[in-house]
Amino acid sequence: QVQLVESGGGLVQAGGSLRLSCAASGRTFSSYAMGWFRQAPGKEREFVASISWSGSTIYNVDSVKGRFTIFRDNAKNTVYLQMNSLKPEDTAVYYCAAGSFGGVTSKYDYWGQGTQVTVSS
């Protein structure tokens, strides 16, 4: 069992930066791939980025390439999403998830409660 708690969301102006954190409980964190997803009002949850258990493999959706970076610290049981050059269309609730590496929700077994990111124009 893994419990995930996201933090770091907030209100930021377009062009600004935020760093999201996702702290995991349990001693098996390092055995899971981790992912970040987001959901805007009225839209389906969409994939943002995934990182393998070792951190050696990363997969980002095209819309965030060059702006967002996913990384993890297995010693701290934490995965991060560094978001730069934010745009109003990045506004959403951001969720972290633990499971198998990939870009679909069905690959992930555990989910956090989400953190709101709002980007003003």
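Is Phe 37 buried or exposed? In this predicted model, Phe 37 is buried, with a relative accessible area of 1%, and the points below begin from the aromatic residues and then turn to the sheet, the core and some single residues.

1. Aromatic pair of Phe 37. Seven aromatic pairs are found when the whole structure is searched. In one of them the ring centres of Phe 37 and Tyr 108 lie 5.3 Å apart with the planes at 80 degrees, so the pair is edge-to-face. This pair links distant parts of the chain, since Phe 37 belongs to strand 4 and Tyr 108 to strand 10, 71 residues apart. Tyr 108 also counts as buried, at 5% relative accessibility.

2. Aromatic pair of Phe 47. The rings of Phe 47 and Tyr 59 have their centres 4.9 Å apart and their planes at 25 degrees, so this pair is stacked. Phe 47 lies in strand 5 and Tyr 59 in strand 6, so the pair ties together parts that are 12 residues apart in sequence. Phe 47 is buried, with a relative accessible area of 9%, whereas Tyr 59 counts as partly exposed at 42% relative accessibility.

3. Cluster and charge over rings. The four residues just named join Trp 111 in one aromatic cluster, made up of Phe 37, Phe 47, Tyr 59, Tyr 108 and Trp 111. Arg 45 lies over the face of Trp 111, at 5.0 Å from the ring centre, and Arg 45 also lies over the face of Tyr 95, at 3.7 Å from that ring centre.

4. Open sheet. Four strands form an open sheet with antiparallel pairing, in the order 1-3-8-7. Strand 1 (4-7) and strand 7 (68-73) stand at the edges with a single partner strand each, so one side of each is left without a neighbour in the sheet. On average, and with direction ignored, neighbouring strands of this sheet are turned by 15 degrees against each other. Within the sheet, strand 3 (residues 18-24) and strand 8 (residues 78-83) pair over six bridges in the antiparallel sense, and Ser 21 has Tyr 80 of strand 8 as its bridge partner.

5. Nonpolar core. The largest nonpolar core has 29 residues, of which Leu 4, Met 34, Trp 36, Leu 81, Met 83 and Tyr 94 touch the most other members. Two or more residues of this core come from each of strand 3, strand 4 (33-39), strand 5 (46-51), strand 7, strand 8, strand 9 and strand 11 (115-120).

6. Asn 60 and Tyr 110. Asn 60, in strand 6 (residues 58-60), is buried, with a relative accessible area of 14%. Not counting residues up to four places away in sequence, Asn 60 touches Phe 47, Val 48, Ala 49, Lys 65, Phe 68 and Ile 70. Tyr 110 is found in strand 10 (residues 108-111), and its C-alpha is 7.1 Å from that of Gln 3, although the two are 107 residues apart in sequence. Leaving aside neighbours within four places in sequence, the contacts of Tyr 110 include Gln 1, Val 2, Leu 4 and Cys 96.

7. Backbone angles to inspect. Asn 77 is not a glycine, yet it has a positive phi of about 50 degrees; Asn 77 is placed in the loop between strand 7 and strand 8. Ser 85, likewise a residue other than glycine, has a positive phi near 50 degrees and sits in the loop between strand 8 and strand 9 (92-99). Ser 85 is partly exposed, with a relative accessible area of 41%.

Conventions: Residues are numbered from 1 along each chain as its sequence is written. This is a predicted model: local features need pLDDT of at least 70, side-chain atom pairs count only at pLDDT 80 or more; totals for chains, interfaces and linings use all residues. Side-chain values use heavy atoms; hydrogens and water are left out. Two strands pair if DSSP finds at least two bridges between them. Axes are lines fitted to C-alpha atoms, for helices over the stretch in contact, and angles run from 0 to 180 degrees between N-to-C directions. Buried means under 20% relative accessible area, exposed over 50%, partly exposed in between (1.4 Å probe, protein chains only). Contact means heavy atoms within 4.5 Å. A nonpolar core is a set of buried Ala, Val, Leu, Ile, Met, Phe, Trp, Tyr and Cys residues joined through side-chain atoms within 4.5 Å. Rings of Phe, Tyr and Trp (its six-membered ring) pair if their centres lie within 6.5 Å; planes under 30 degrees apart count as stacked, over 60 as edge-to-face and the rest as tilted. A charge sits over a ring if NZ of Lys or CZ of Arg is within 6 Å of the ring centre and within 35 degrees of the ring normal.
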